[in-house]
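Grab a pencil and work through a few short exercises with me. Each one sets a task, then walks through a solution step by step.

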Amino acid sequence: MVAYIRTMAKGEHVANDEVQARLDNDGWDGFSTLLGAVFYFAVNRHFPTGATQNEIIQFVGEMRSTTIGGPETDASSAEKLVSAALDPSLDTDVEPRLAGRIQGLTILHTLGGGRVSDTELDGILRESVTLADSLLAS
């Protein structure tokens, strides 16, 4: 699953398709937890000191206008999820499938396109695995 997110962020489409085929065969158990963890670290890396509502709105607008699949993504739901990543005490009522889509787009927008080095991406993925494992164990 880490390889899936890594190849997605790096834009390695052929490798990503191969990993997806293996996961389709082996199962995606725990993927939503891992995706949520990567999303959390990606958002907090982008906004290391937090963000105002206007900054979140601007971020989501930019993400929707520059990321493939972004324009048809609900802005209000994306703003809720980004806000909740910065303040985990916030509740969200975003449908899980839409949440996964928003998380994936946010990861692409913040970590893709060469925005982070391989070393930084690997570090975020390691932290995400640790967080996801602890969440799944509890």
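## Exercise 1: The overall layout

Task: describe the helices and strands of the protein chain, and how it fills space.

Solution. Start with a count: the protein chain has seven helices and zero strands. Keep in mind that you're looking at a predicted model. Walking along the sequence, the pattern reads α-α-α-α-α-α-α.

Next, check the overall form. For 138 residues, a compact globule would have a radius of gyration near 14 Å, and the protein chain comes out at 14 Å, so the two agree. Its C-alpha atoms fill a box of roughly 40 × 35 × 30 Å along the principal axes.

Then look at inside and outside. Of the 138 residues, 39% count as buried. The chain exposes about 7,700 Å², and carbon and sulfur atoms supply 51% of that area.

Last, ask how the chain folds back on itself. Take the contacts between residues at least 6 apart in sequence: 71% of them join residues at least 24 apart.

## Exercise 2: A threonine in α6

Task: work out whether Thr106 is buried or exposed, and find out which residues it is in contact with.

Solution. First place the residue: Thr106 belongs to helix α6, which covers residues 96–111. Now take its relative accessibility, which is 0%. Buried means under 20%, so Thr106 counts as buried.

For the partners, set aside the neighbours within four places in sequence. That leaves Phe39, Val43, Phe59 and Met63 in contact with Thr106. Hold on to Phe59, since this residue turns up again in a ring pair with Phe47.

## Exercise 3: Reading the ring pairs

Task: of the five aromatic pairs in the structure, take Tyr4 with Trp28 and decide what kind of pair they make.

Solution. A pair of aromatic rings is described by the distance of the centres and the angle of the planes. For Tyr4 and Trp28, the centres are 5.1 Å apart and the planes sit at 85 degrees. Planes over 60 degrees apart count as edge-to-face, so that's what this pair is.

Now see what the pair connects. Tyr4 is in helix α1 (residues 2–10), while Trp28 is in the loop between α2 (13–26) and α3 (31–46), so the pair ties together parts 24 residues apart in sequence. As for exposure, Tyr4 is buried at 14%, whereas Trp28 is partly exposed at 27%. There's a cluster here too: ring pairs link Tyr4, Trp28 and Phe31.

Task: do the same for Phe47 and Phe59.

Solution. The ring centres are 5.4 Å apart and the planes are at 70 degrees, so Phe47 and Phe59 are edge-to-face. Phe47 lies in the loop between α3 and α4 (53–66) and Phe59 in helix α4, so the pair ties together parts twelve residues apart in sequence. Both ends are out of the way: Phe47 is buried at 9% relative accessibility, and Phe59 is buried at 5%.

## Exercise 4: Following the salt bridges

Task: the whole structure has six salt bridges; find out which parts of the chain are linked by Arg6 and Asp118.

Solution. Begin with the distance: the side chains of Arg6 and Asp118 meet at 4.0 Å, N to O. Then locate both ends. Arg6 is in helix α1 and Asp118 in helix α7 (residues 118–137), which puts these distant parts of the chain 112 residues apart. Arg6 is partly exposed at 22%, and so is Asp118 at 38%. Now widen the view: Arg6, Lys10, Asp118 and Asp122 are linked in a network of salt bridges.

Task: what do Arg45 and Glu120 tie together?

Solution. The closest N and O atoms of Arg45 and Glu120 are 3.2 Å apart, forming a salt bridge. Arg45 lies in helix α3 and Glu120 in helix α7, so the pair ties together parts 75 residues apart in sequence. Arg45 is partly exposed at 36%, and Glu120 is partly exposed at 37%.

Task: where do Arg101 and Glu72 lie?

Solution. Arg101 and Glu72 form a salt bridge, with closest N and O atoms 3.0 Å apart. Arg101 is in helix α6, and Glu72 is in the loop between α4 and α5 (75–86), 29 residues apart. Finish with exposure: Arg101 is partly exposed at 35%, while Glu72 is exposed at 57%.

Technical notes
Residues are numbered from 1 along each chain as its sequence is written. This is a predicted model: local features need pLDDT of at least 70, side-chain atom pairs count only at pLDDT 80 or more; totals for chains, interfaces and linings use all residues. Side-chain values use heavy atoms; hydrogens and water are left out. Helices (H or I, at least four residues) and strands (E, at least two) are DSSP runs, numbered from the N terminus. Buried means under 20% relative accessible area, exposed over 50%, partly exposed in between (1.4 Å probe, protein chains only). Contact means heavy atoms within 4.5 Å. Rings of Phe, Tyr and Trp (its six-membered ring) pair if their centres lie within 6.5 Å; planes under 30 degrees apart count as stacked, over 60 as edge-to-face and the rest as tilted. The radius of gyration is taken over C-alpha atoms; the globule rule is 2.2 Å times the number of residues to the power 0.38. Accessible areas come from the Shrake-Rupley method with a 1.4 Å probe; for residues, only the protein chains shown count as cover.
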